[in-house]
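Work through the exercises below with the model open. Each one sets a task and then solves it in steps.

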Amino acid sequence: MGKYRKPFITMCFLLVLMVIAMYLYKRNSAPLEMEVLQVTTGEAQLVLAVVGRVRTKDVVDIRVESSGKVIALLVDEGDKVKRGATIAKMRSASQQSALSEAEANLRVVEAQRNFAQHDFNRVAELSKKGVVANLALDQARTNLLSAEARFTASQEIRNQAIIRLNDLNIESPLDGIVLSRSIDQGQVVGVSDTLFQIGSTGPIEIEVEVDEIYASELSLNMKALLAPTGKQQVTTGRIVEISPKVNALNGSRLTRLMLDEINAEFVPGRSIDVNILVQAFDSVLSVPRSSLRKEGDTWLVYTLEGEAVKSNIVTFIDWPGSSVVLKTGLNSGALVVLDASIASTALAESKRVNASKVSP
């Protein structure tokens, strides 16, 4: 039995190698599965897809002129407010102290004015009787005028202290809606803090940031399709403003759009999917971006002719989107391979292909 053991093991080993070789051969010779799309000329549009946000036409940041503690919040985000309505109350120990000091000083100055008035009346009466000289009367008159001037100045200081104290009752400067509230009750705020952001009522705008590369292709009154993020209902609008200034942080230009018709779904602060219709074509070929492959400075699209894959040099309008508009390189009716990486492998290795046509 021992003398047959070694040949038996060798035969088993060779059998395993044959199975592996057959598997590798079948795998390498198996056709590559690929999807193709038959392209035909037709209408196409260059669309710039961005995400914007609804804002009111006028937005005001509410701040205070002096620091203090928030003791009452009377409105919250989403509330509508009237011009002059109190939206928050604050308390400031320093402002209350300043008012108390101004009122105390006013009482002192008022007493000095009353004394000067009494002294002037007394000297004037004595002057009529010839008891005192005119020089004393002039001095008394000067003292009275000086005391009245100090009294007037002290009144103004007291009034300004009252105004500053009343300013701690925060009022809305316009009819509008509270877009944001960045404070909490009990919080101490300073002059640099924004308490509320209030937007005006009336027309709304959609604000988007567009990369400066593409912003140069936009123009006023250019049409757009807009829909609240997550919604299917589309509303039309148009570009009303393109900022000439480029944001140094992200290289974008601020662009604003307005709706053609009022839509209750477009509330301030809501995110909006914006599709700007940049350019329309009557008869062009367009292919999915996945069918493009770059080799050096050349772009290729692979087509299926019979059972063979062919590479085609193409030029196209390089615009962000899932599809591109071709300028040259293909004819209508061509079967374009959707996955360029699979097509390049099939072409380089002379692989057989098994293609399935997909609907446009």
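**Exercise 1. Sort the lining of the second largest pocket by residue class, then say which element gives the most to it.**

Step 1. The lining splits into 4 nonpolar, 2 polar and 3 charged residues. Ala, Val, Leu, Ile, Met, Phe, Trp, Tyr, Cys and Pro count as nonpolar, Asp, Glu, Lys and Arg as charged, and the others, Gly among them, as polar.

Step 2. The residues concerned are R53, V54, R55, V59, L179, Q197, E207, P268 and G269. A pocket is an open set of points on a 1 Å grid over the protein atoms alone, where a 1.4 Å probe fits, with protein on both sides within 12 Å along at least five of seven lines; lining residues have an atom within 4 Å of a point.

Step 3. Strand β2 (residues 42–56) gives the most, with 3 residues. Helices (H or I, at least four residues) and strands (E, at least two) are DSSP runs, numbered from the N terminus.

Step 4. The volume of this pocket is about 200 Å³. A volume is the space filled by probe spheres set on the grid points, which are joined across faces, edges and corners.

A note on the source: this is a predicted model, where local features need pLDDT of at least 70, side-chain atom pairs count only at pLDDT 80 or more, and totals for chains, interfaces and linings use all residues. Residues are numbered from 1 along each chain as its sequence is written, and side-chain values use heavy atoms, with hydrogens and water left out.

**Exercise 2. Describe the largest pocket by volume, lining and class.**

Step 1. Its volume is about 230 Å³.

Step 2. Its lining consists of G202, P203, I204, M258, L259, E261, I262, N263, A264, F266, V267 and P268. P268 is also listed in the lining of the second largest pocket.

Step 3. By class, 9 lining residues are nonpolar, 2 polar and 1 charged.

**Exercise 3. Place T56 and trace what its side chain reaches.**

Step 1. T56 sits in strand β2.

Step 2. T56 is buried because its relative accessibility is 2%. Buried means under 20% relative accessible area, exposed over 50%, partly exposed in between (1.4 Å probe, protein chains only).

Step 3. A polar atom of the T56 side chain lies 3.0 Å from the backbone oxygen of D58. The T56 side chain also reaches the backbone nitrogen of S200, at 3.4 Å. A polar contact is a pair of N or O atoms within 3.5 Å; within protein, one must be able to donate a hydrogen and the other to accept it, and residues adjacent in sequence count only if both atoms are side-chain atoms.

Step 4. Setting aside residues up to four places away in sequence, T56 touches I177, L179, G199, S200, P203 and P268. Contact means heavy atoms within 4.5 Å.

**Exercise 4. Find the aromatic pairs and say what they link.**

Step 1. The structure has 2 aromatic pairs. Rings of Phe, Tyr and Trp (its six-membered ring) pair if their centres lie within 6.5 Å; planes under 30 degrees apart count as stacked, over 60 as edge-to-face and the rest as tilted.

Step 2. Y214 and W319 pair edge-to-face, with 5.0 Å between centres and 75° between planes. Y214 is in helix α4 (residues 212–215) and W319 in the loop between β19 (308–317) and β20 (323–328), so this pair ties together parts 105 residues apart in sequence.

Step 3. Y214 is partly exposed at 23% relative accessibility. W319 is buried at 7%.

Step 4. W299 and F316 have ring centres 5.4 Å apart and planes at 80°, so this pair is edge-to-face. W299 in strand β18 (residues 298–305) and F316 in strand β19 are 17 residues apart.

Step 5. W299 is partly exposed at 29% relative accessibility. F316 is buried at 11%.

**Exercise 5. Is T255 buried or exposed, and what does T255 contact?**

Step 1. T255 belongs to strand β14 (residues 252–259).

Step 2. Its relative accessible area is 0%, so T255 is buried.

Step 3. Beyond its neighbours within four places in sequence, T255 contacts I206, E207, V208, V210, L218, I239, E241 and I242. Among them, E207 also lines the second largest pocket.
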